[in-house]
Amino acid sequence: MTVSAIEFSRLGPPKLHLFAMKCETCQALSPWWERSHCYKCGGDTLTESELAGTGEITNYTVVYYPPREYVGQEPYVVGHIMMDEGVTLPAPVMGVDPDAVEVGTRVAATLRRMKLGHEGDIYYSYKFVVDDDPAPRKKAPAATRSAVRKPAARKAATPTP
Amino acid sequence: MKVGVLGIGKTPHKIQHEKSLKDLAVEAGRKAMNDAGVSPQDIQMLYVGNVGSVGFNYENSTGLMVAHHLGVVPAGAVRVEAACGTGAWALHLGCVAIASGLYDTVMVLGCEKMNDLATVEGTSIIAQAADSKEEYFSGLTFPSGTALTARKYMQTYGVTEEDLAHTSVKNHYYGARNPSAHLRFECTVEEVMKSAKVADPLKLYEVCPMTDAASALVLCRPEILESQPNRPQVFVTATSMASGTWYQATDTLDDGYNLFAGPAARAYEMAGVTASDIDVAEIYNSFAIQEPLGIEGLGFAKRGDGWKGAKDGSTWLDGKVAVNPSGGLLCKGHPLGATGATQAVDVIEQLRGVAPEGTQRKDAAIGISACRGGPGSVGAIHIYQREG
């Protein structure tokens, strides 16, 4: 994937705070990229809906042959995370042994360095780490837009992949 | 629908550092024209399937490039692209062109030259067939995206990695007997299980290689073929296409099933046959898990049972239906834009009775090819029948 800095100014926001798209017709949540069309019901009006940042691993893979910009990070785990609000997002899961990932593990979002861009720029994105506080929770309606909840027991926003 | 197959041709499927994209395309195109007994000036329209020449080879306008070097100018020529379904889409357009009555003779050609770049670059280019800037920003690749599908299948149907490994064993048994295949060796379940991890749970022997190749077909109005009774009377009798989700995260097992089940049902109706009539099937399997998914989508097994045929023999050469007697993409490799055309050529060889020794289905008369592309984005079904 090659993204210019200009393009990332458009693509970046969904990677820096967590939200899903909510269909005004069927109320279903979809990943952030479904901005135009609800894949579930065909509705054409979707709005951003904040996520609390916690969920559960429902599926995962371990990448041993990464694309160019992720070389050096392999092997790494990419999970399908079922967020507590009820939408599945793909994301890296950090701090777990690739040979011992378990479906059902509770995880929480944290902001991390994702990769180096081809112009030498650094891309940040949310990743997931094992949640130390396993009780499911949902975003309070009045929550602010800052969104990404940092697990208390871990160093926040450490710029290491 | 009835479209005559006048000629077929394909290059070897392997790494070919000595040949360029245009060399491969010209080689396959000339083989098909020689087989058809036509000259370049008999071709009235050229459909060239190619996915990634902009990335793999730093060249574009592939359809025009091939038209020039093949000598079909001034006939119209266009490049067709639909991810890994590209070659099958070129075939669809060729069939539509003949069936519409607008053209008498057209050429369909698929080509891809993938090995000018290192694997890591190729992987990045291939990832552009999905939303590499949004979903695959998470570090996913096509192998790892499909690995998620494999795990979901295993979870849903209680299938083990060993169960799925039989699919690779079957493909490699036949790939070893196919002189045009990229990987020509047999393997056991144990060897599949021990092969290097690519994207857990997918292992090396469950993943296709990157391959340089081209394949071509000359299609014609059925009357033209019928007027030449000494030629093999093989016709395309159905072509049916579908689209699906462009994302892995929204690709449920239902999506993957419907991607084939929908167009397959239409194709069976179009050709007037049923799944049980099919003698031989070439089913897309750039990753082993896609073969059982395809078997189920085409109606050869009920959902969750598609993997069993490779283990119990029912999808081997003498089974209920021979699935991928060419060795499939796992052995032939997956030259992206060529693959759909190669599948067609391989089924047609079966119906002509000229498949390589040890891979020929006895008395094959009805065949099907099923190609897919993207995370779950393209479904393409063609049915072929031999007369006489």
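1. In which sense, parallel or antiparallel, do E7(A) and strand E8 of chain A pair, and over how many bridges? E7(A) pairs with E8(A), residues 122-130, in the antiparallel sense, and nine bridges join the two. One facing pair is Ala109(A) and Phe128(A), the latter in E8(A). The model is a predicted one.

2. E7(A) also has a partner in strand E4 of chain A, residues 54-63. These two strands run antiparallel as well, with three bridges between them. Here Glu56(A) stands opposite Arg106(A) of E7(A). As for exposure, E7(A) covers residues 106-116, and eight of its 11 residues are buried, so the strand is mostly covered, where buried means under 20% relative accessible area.

3. Next, the contact between the chains. On the chain A side 39 residues take part, and on the chain B side 31. The area buried between chain A and chain B is about 3100 Å², with 60% of it from carbon and sulfur atoms.

4. The polar part of that interface can be listed briefly. Two salt bridges are found between chain A and chain B. Asp99(A) forms a salt bridge with Lys197(B), with 3.1 Å between the closest N and O atoms. There are also 13 residue pairs in polar contact between the chains, both residues at pLDDT 80 or more. Several elements of chain A supply at least two residues each to the side that touches chain B, among them E4, E7 and E8. The largest share of that side comes from E4(A), with six residues.

5. Chain B is assigned two domains: domain 1 is 3-118 + 210-234, and domain 2 is 130-207 + 235-386. Taken over C-alpha atoms, their centres are 22 Å apart. Contact between them involves 45 residues of domain 1 of chain B and 35 residues of domain 2 of chain B. Together the two domains bury about 3200 Å², and 70% of this lies on carbon and sulfur atoms. In domain 1 of chain B, the residues that lose the most area to domain 2 of chain B are His13(B), Cys84(B) and Val234(B), which together make up 23% of what that side buries.

6. Three salt bridges cross the interface of domain 1 and domain 2 of chain B. Lys10(B) forms a salt bridge with Glu349(B), the closest N and O atoms being 3.8 Å apart. Polar contacts across this interface number 11 residue pairs, both residues at pLDDT 80 or more. Strand E1 (3-10) and helix H4 (86-99) of chain B are among the elements that each supply at least two residues of the domain 1 side. E1(B) gives the most to that side, with eight residues.

Conventions: Residues numbered from 1 in each chain as written. Chains lettered and ligands numbered in written order. Predicted model: local features only at pLDDT ≥ 70, side-chain atom pairs only at ≥ 80, totals over all residues. Heavy atoms only, no water. Buried < 20%, exposed > 50% of the residue type's maximum accessible area, 1.4 Å probe, protein only. Helix = DSSP H or I, 4+ residues; strand = E, 2+ residues; numbered from the N terminus. Pairing = 2+ DSSP bridges. Domains from an automatic or database assignment. Contact = heavy atoms within 4.5 Å. Buried area = accessible area lost by both parts, 1.4 Å probe. Salt bridge = Lys/Arg side-chain N within 4 Å of Asp/Glu carboxyl O. Polar contact = N/O pair within 3.5 Å; in protein donor to acceptor, adjacent residues only side chain to side chain.
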